[in-house]
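Please walk through this model from its DNA-facing surface to the layout of one of its chains.

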Number of protein chains: 2
Amino acid sequence: MISPTEENYLKALFALSQNKDGVTANELSKHLDIKMPTVNSMMKRLADKGLVNYESYKPFSLSVEGKRRAALIIRKHRLTEMFLVQKMGFEWDEVHPIAEQIEHIQSDIFFEKMDFLLGYPHTDPHGSPIPSLEGELPIIINKKLSDCIVGQEVTFNAVSNSSPEFLKFLKDKKMALGLSFTIVNIEDYDGSVDIKIQDLPKVTLSKIVSDKILVV
Amino acid sequence: MISPTEENYLKALFALSQNKDGVTANELSKHLDIKMPTVNSMMKRLADKGLVNYESYKPFSLSVEGKRRAALIIRKHRLTEMFLVQKMGFEWDEVHPIAEQIEHIQSDIFFEKMDFLLGYPHTDPHGSPIPSLEGELPIIINKKLSDCIVGQEVTFNAVSNSSPEFLKFLKDKKMALGLSFTIVNIEDYDGSVDIKIQDLPKVTLSKIVSDKILVV
DNA sequence: AATATTTGTTAGATTAGTCTAACTTATTGT
DNA sequence: ACAATAAGTTAGACTAATCTAACAAATATT
C-alpha cells in the first residue's frame with residue numbers, strides 16, 4: 001500500500017523530472033516545501049518499495065513502476081479537474097486544490113465513471129495531457145508563445161503553470177483554450193508579445209505571461 | 001483544525017447516540033474496530049477541543065459543537081452518496097466506501113455544488129435524512145415494517161442498515177425506495193411478513209429483513 | 001457482602017511524517 | 001588547489017494514531 005503522502009512525493013518527482021534525468025533533494029525539498037532530511041528519508045522508503053532509484057549524493061529518479069504509479073495519480077488529478085469544470089460548473093482556476101485531495105481517493109471505478117461521463121478526454125482544463133490507464137503519458141507538441149515568430153497564426157492549447165492567480169488573469173483577459181490568434185509584434189526590449197484576435201483591438205502580453213502560454 | 005480520524009470518531013459518536021444519552025468506550029471501540037485505550041485517549045483529545053463531554057468512568061457524549069460538526073460530516077457523506085447515484089450512475093450498494101473517503105474533502109464549495117446540482121435533496125439514496133448546513137438533522141417519522149399491522153398500505157421510505165449485502169439483496173428482490181405495497185400477513189411464529197405489490201405475486205420477507213425496512 | 005467479571009484507565013512501545021542541529025561530501029571561486 | 005559555500009546525510013526529538021500489558025473501578029453473580 002502507498003499513502004497519500006507517498007503519492008505526493010511520487011507526483012513531485014514525476015513533475016520535476018520532465019525533460020530531465022534526475023531530481024535533486026534540494027529541488028524536491030523546495031517544490032514540496034518540506035525540509036531536506038524529511039525528503040531524504042522518504043526517498044529511502046520509496047527506494048525500499050522499489051519506486052525510486054536512490055544512490056547516496058546522487059539525484060533521485062523514479063523506477064519504471066514508480067513512473068507508472070505517478071502517472072496514474074496525475075491521471076486521477078486531471079480527470080478530476082476536467083470533471084469539476086465540465087460536470088460540476090467550476091471555473092478552471094478553482095479546481096486545483098480540490099483535485100489535489102480527490103486524486104487520493106481509492107476507488108478505480110470512481111475515476112472510470114468520471115472518464116466515461118467525460119467521454120474519455122485527452123486533456124485536463126488547462127490543456128495538460130491525461131495519462132492512460134496503463135500510465136502512459138501522451139507527448140503533446142506545444143511550444144511556448146514566447147518562442148513563436150511574428151506573423152504566425154497559432155491556437156492557445158495549454159498553460160505550463162496552473163496557479164490560480166495566473167488562470168484568473170487569463171480568464172479576466174478572456175483568454176481561453178482553443179482561442180486562435182495572430183502574433184503581430186514581439187518587442188525586442190522586454191520580450192512582450194502583441195497578439196490580435198480577429199478584428200478585436202490588439203492585446204499585449206508580457207514575457208512572464210507568454211512564457212506560460214503553450215500554442216500549436 | 002480537525003483530522004479525518006477525529007471526524008470518524010465524531011461520526012461514530014453521533015451515530016451511536018441516536019435514541020440514547022451517552023456512548024460507552026466499549027461500544028465505540030467495537031463500532032470503530034479500534035482498541036479501548038486508543039478510543040479513550042482520542043476522547044480526551046476531543047474533550048480538550050471542546051467537542052466531547054468526558055468524565056472518568058462515564059459514557060461519552062458530544063458537546064453542542066461536536067454534534068454540529070458530526071452532522072456536517074454526515075451531511076457531506078449523504079450528499080456524496082446521492083451525487084454518486086444520481087449524477088454518476090452508481091448503484092445504491094456501491095456508494096458507501098467512496099462516500100466514506102469523499103466526506104473528508106475540505107472544500108465547502110465542492111459540497112455546495114453537489115447540493116445545487118442535486119436540487120437540494122432531503123435524503124440520501126437509502127432514505128436517510130441529509131442534515132442542513134447548520135448541522136440540523138430533520139427527524140423523519142418512519143417505522144419498521146416489522147412493527148406494522150396486517151392490512152396496512154405503506155411506502156418503502158428508507159433502510160436502517162446500509163451494508164452492501166443488504167442493499168444488494170433488496171436490489172435483487174426489486175425493492176426500491178418509494179415502492180408502495182400492502183401487508184397481507186405477518187407470521188406469528190417467526191415474524192416474517194408477506195407483502196403484495198399491486199397484482200404481482202406476494203413476496204415474503206424474513207424478520208431480519210423487515211426489521212431494517214422503514215416505511216411510512 | 002464478597003468475589004468474579006467486565007469495563008475503563010494508565011503506562012509504555014511502535015510507525016508515519018515531520019522538524020532542527022550537527023556532520024559529511026560536492027561544487028565553486030579565486 | 002584549496003578554502004568557502006552549497007547540498008546531502010545522520011542523529012535525535014516531536015505529534016498523531018495506533019497497539020499491548022498491567023492496573024483500577026464498576027457491575028454482576030453467587
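A polar contact is here a pair of N or O atoms within 3.5 Å; within protein, one of the two must be able to donate a hydrogen and the other to accept it, and residues adjacent in sequence count only if both atoms are side-chain atoms. The model is predicted, so local features need pLDDT of at least 70 and side-chain atom pairs count only at pLDDT 80 or more, whereas totals for chains, interfaces and linings use all residues. Side-chain values use heavy atoms, with hydrogens and water left out, residues are numbered from 1 along each chain as its sequence is written, and chains are lettered from A and ligands numbered from 1 in the order in which they are written.

On the backbone of DNA strand D, a polar side-chain atom of Thr38(B) lies 3.0 Å from a phosphate oxygen, and one of Lys44(A) lies 2.3 Å from a phosphate oxygen. Tyr57(B) places a polar side-chain atom 3.4 Å from a sugar or linking oxygen of the strand.

Taking a residue as near when one of its heavy atoms lies within 4 Å, 21 residues surround DNA strand D, and Lys44(A) is among the closest, together with Asn26(A), Asn40(A), Ser3(B) and Arg45(B). Of the strand's atoms within 4 Å of the protein, 79% belong to sugar or phosphate and the rest to bases.

The helices α2 (25-32) and α3 (36-48) of chain A, and α1 (4-16) and α3 (36-48) of chain B, each supply at least two residues of this surface, and the largest share, five residues, comes from α3(B). Helices are DSSP runs of H or I with at least four residues, strands are runs of E with at least two, and both are numbered from the N terminus.

Chain A is divided into domain 1 (4-62) and domain 2 (143-215), with bounds from an automatic or database domain assignment, and 33 Å separate their centres, taken over C-alpha atoms.
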